[in-house]
Amino acid sequence: MTALLKVQHLETYYGHIHALKGIDIEVRPGQLVTIIGANGSGKTTTMKTLIGVIKPKRGKIVYDSLDITGLSPHLIVARGMVLVPEGRAILTRMTVLENLQMGAFVRKDESVGADLEKMLNRFPILRQRWDQKAGTLSGGQQQMLAIARGLMARPKLLLLDEPSMGLAPMVVSEVIDIIREIRNSGVSVLLVEQNVRQALAISDYTYVLETGKVILQGNSDVLINDPRVKDSYLGGDRPYNG
Amino acid sequence: MLAEQLINGLTLGSIYALIAIGYTLVFGVLDIINMAHGEIFMFGAFAGMLMSMKLGAPLPVAFLGSVALTAAMGYVLELLALRPLRRPSGNMEGNAGLSTLISTIGVAIILENLSLKLFGAENQPFRTSFGNVKFTIGPVNIYLIQIVILLASGVLICGLALWLKRSRSGRALRATAESPETAALMGVDTKKIITTAVVTASAMAGTAGVLVAMSFSNVGTRMGVSMGLKGLAIIVFGGMGSVNGALVGGIILGMAETLVVAYGDSGYRDAIAFVIIIGVLLLKPKGLFGQNAS
């Protein structure tokens with residue numbers, strides 16, 4: 001099967017910092033792929049480079065059989081690749097409804113209204129507060145809004161950058177459930193996560209990033225038992241006592 | 001006569017509001033004050049006057065011509081003085097904001113000198129066929145020109161507010177104002193939105209220029225500076241980036257100035273306005289409708 005997203009030797013600089021040192025990643029249609037790694041390993045930089053917010057220095061990004069390297073974000077989003085960024089990036093001065101409408105900004109089809117209805121059904125809290133400024137929502141609610149807003153674009157490939165960051169454990173499980181649901185609905189997902197155990201449990205394939213390089217990759221069910229992953233990201237073999 | 005003074009104040013205030021909303025639109029998307037705004041207003045006034053008086057164009061044509069000219073000036077301003085100083089994504093990082101501000105000051109100086117060269121330093125009369133037409137309703141006199149001003153600015157301001165609130169591109173502009181990067185992630189071409197904002201603001205300044213020229217029956221190259229400063233004061237007073245603030249602030253300033261002239265000492269006309277503004281800012285430092293940075 002041809003890949004939906006194929007990233008080759010991607011290199012990105014932040015000023016003088018060599019943030020990505022040649023990364024190769026692949027997402028096939030329908031796959032849920034996870035990127036894990038410590039802080040500063042280049043996970044968010046990878047996401048921002050893929051969506052076009054940062055321009056890569058070298059390398060190639062092919063999405064949906066199209067070379068999108070160096071394209072502006074709005075052109076990439078229009079082709080069905082959508083990023084729900086780290087920190088949620090809710091438009092706090094706009095209402096919940098307006099945020100969702102902005103999510104569908106690139107669409108011109110007739111079913112935007114129906115999709116809006118679908119989102120409000122899936123996330124009842126958003127229906128309850130549709131007319132309020134999004135800045136008044138709690139962190140967990142804002143994350144739901146951010147994901148729902150991303151889905152409003154009807155993406156083929158959804159990039160999720162640390163969707164569980166700063167959320168209470170119960171809300172994290174809810175977010176993980178939603179991600180699984182999204183994948184089951186046929187949308188391909190590239191997920192950056194700090195909750196390694198849960199991310200590996202729901203994903204098909206995993207890349208491990210360290211200082212701007214992929215140091216390990218493989219099927220998630222294999223990697224979850226890999227001693228290197230266990231030691232670095234799953235707290236070793238020590239029994240977990242809560 | 002209080003009713004007459006209130007109408008005068010509302011008329012002046014609606015012009016101030018037009019100017020201030022222009023500042024606010026540009027500040028919203030770029031986080032800078034467009035220091036050339038007042039000069040574009042002045043060019044609008046001259047363009048209207050020259051087309052009407054020298055070329056004999058009918059007033060509506062002169063009006064539209066002036067709006068078209070100032071819109072074009074806004075486009076050139078964005079293309080040559082603002083865009084080259086921005087990051088590609090539309091972000092104002094580092095001191096890009098400061099250099100853009102300086103760049104608009106440069107444009108203001110160029111326009112001021114250009115106007116002296118083109119139009120001369122003397123004030124010039126702008127006579128319209130209906131300059132002295134007035135209606136008397138009971139004891140109250142209303143000039144036709146006042147009705148024209150109130151109608152034109154009312155339609156423009158309501159239209160703009162509706163556009164921002166309800167339309168797809170208006171939402172995109174508000175999203176860009178809050179965060180260009182987030183707007184881009186929603187698929188908004190922020191470059192296009194910023195251009196739209198600068199062009200719209202300039203066209204509104206041009207409209208205000210013609211209206212002011214008609215109501216004072218003359219135009220001068222200095223009119224841009226004082227109007228520019230008042231517009232600035234209004235957006236600080238109303239709250240940076242707030243359209244409501246620009247509207248309410250403009251009308252309060254217009255009313256205050258008119259009432260001071262009518263019932264107090266006209267020498268304090270400009271002073272009293274700024275006294276009110278300082279007073280409000282002492283109580284509410286972010287202005288009447290100020291939003292907290294998010």
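In this predicted model, a good place to start is a pair of helices in chain B: the axes of helix H3 (residues 59–82) and helix H8 (residues 190–216) of chain B come within 7 Å and cross at roughly 140 degrees. That angle makes H3(B) oblique to H8(B), and the crossing is right-handed. On the H3(B) side, the residues that meet H8(B) include Phe63(B), Val67(B), Thr70(B), Met73(B), Gly74(B), Leu77(B) and Glu78(B). H8(B) answers with residues among them Ile194(B), Val198(B), Ala201(B), Ser202(B), Ala205(B), Gly206(B) and Val210(B). Sorted by class, the residues of this contact between H3(B) and H8(B) come out as 15 nonpolar, eight polar and one charged.

Stepping back to the whole of chain B, its secondary structure amounts to eleven helices and four strands. The radius of gyration of chain B is 19 Å, close to the 19 Å that the globule rule gives for 294 residues, so chain B is as compact as a globular protein of that length. Its C-alpha trace spans about 60 × 45 × 35 Å along the principal axes.

Next comes the meeting of the two chains. Here 17 residues of chain B are in contact with 21 residues of chain A. Two helices of chain B, H6 (168–178) and H7 (180–185), each supply at least two residues of the side that touches chain A. H6(B) gives the most to that side, with five residues. As for the make-up of the side of chain B that touches chain A, there are six nonpolar, six polar and five charged residues.

Chain A has ten helices and ten strands. With a radius of gyration of 18 Å, close to the 18 Å that the globule rule gives for 242 residues, chain A is as compact as a globular protein of that length. Measuring along the principal axes is simple enough to put in one line: the C-alpha trace of chain A spans about 50 × 45 × 35 Å.Now for the sheets of chain A. One is an open sheet of six strands in the order S6-S7-S8-S3-S9-S10, with mixed pairing. Strand S6 (81–84) and strand S10 (213–219) of chain A stand at its edges, each with a single partner strand, so one side of each is left without a neighbour in the sheet. From one strand to the next, the twist averages 15 degrees. Within this sheet, strand S7 (residues 157–161) and strand S8 (residues 188–192) of chain A pair in the parallel sense over five bridges, and Leu160(A) stands opposite Leu191(A) in S8(A).

The other is an open sheet of four strands, ordered S2-S1-S4-S5 in chain A, and its pairing is antiparallel. Strand S2 (17–27) and strand S5 (66–67) of chain A are the edge strands, each pairing on one side only. S5(A) is joined to strand S4 (residues 58–63) of chain A by two bridges, and these strands run antiparallel. Val62(A) stands opposite Asp67(A) in S5(A).

Helix H1 of chain A turns up against both sheets. In the four-stranded case, H1(A) packs on the sheet by touching strand S1 (5–14), S2 and S4 of chain A, and its direction makes about 70 degrees with that of S2(A). H1(A), which covers residues 43–51, also lies across strand S3 (32–37), S6, S7, S8 and strand S9 (205–210) of chain A, running at about 145 degrees to S7(A).

Methods
Residues are numbered from 1 along each chain as its sequence is written. Chains are lettered from A and ligands numbered from 1 in the order in which they are written. This is a predicted model: local features need pLDDT of at least 70, side-chain atom pairs count only at pLDDT 80 or more; totals for chains, interfaces and linings use all residues. Axes are lines fitted to C-alpha atoms, for helices over the stretch in contact, and angles run from 0 to 180 degrees between N-to-C directions. Angles under 35 degrees count as roughly parallel, over 145 as roughly antiparallel, 65 to 115 as roughly perpendicular and the rest as oblique. A crossing is left-handed if the near helix is turned anticlockwise from the far one by less than a right angle, and right-handed if clockwise. Two residues are in contact if their C-beta atoms, placed from the backbone, lie within 7 Å. Ala, Val, Leu, Ile, Met, Phe, Trp, Tyr, Cys and Pro count as nonpolar, Asp, Glu, Lys and Arg as charged, and the others, Gly among them, as polar. Two strands pair if DSSP finds at least two bridges between them. The radius of gyration is taken over C-alpha atoms; the globule rule is 2.2 Å times the number of residues to the power 0.38.
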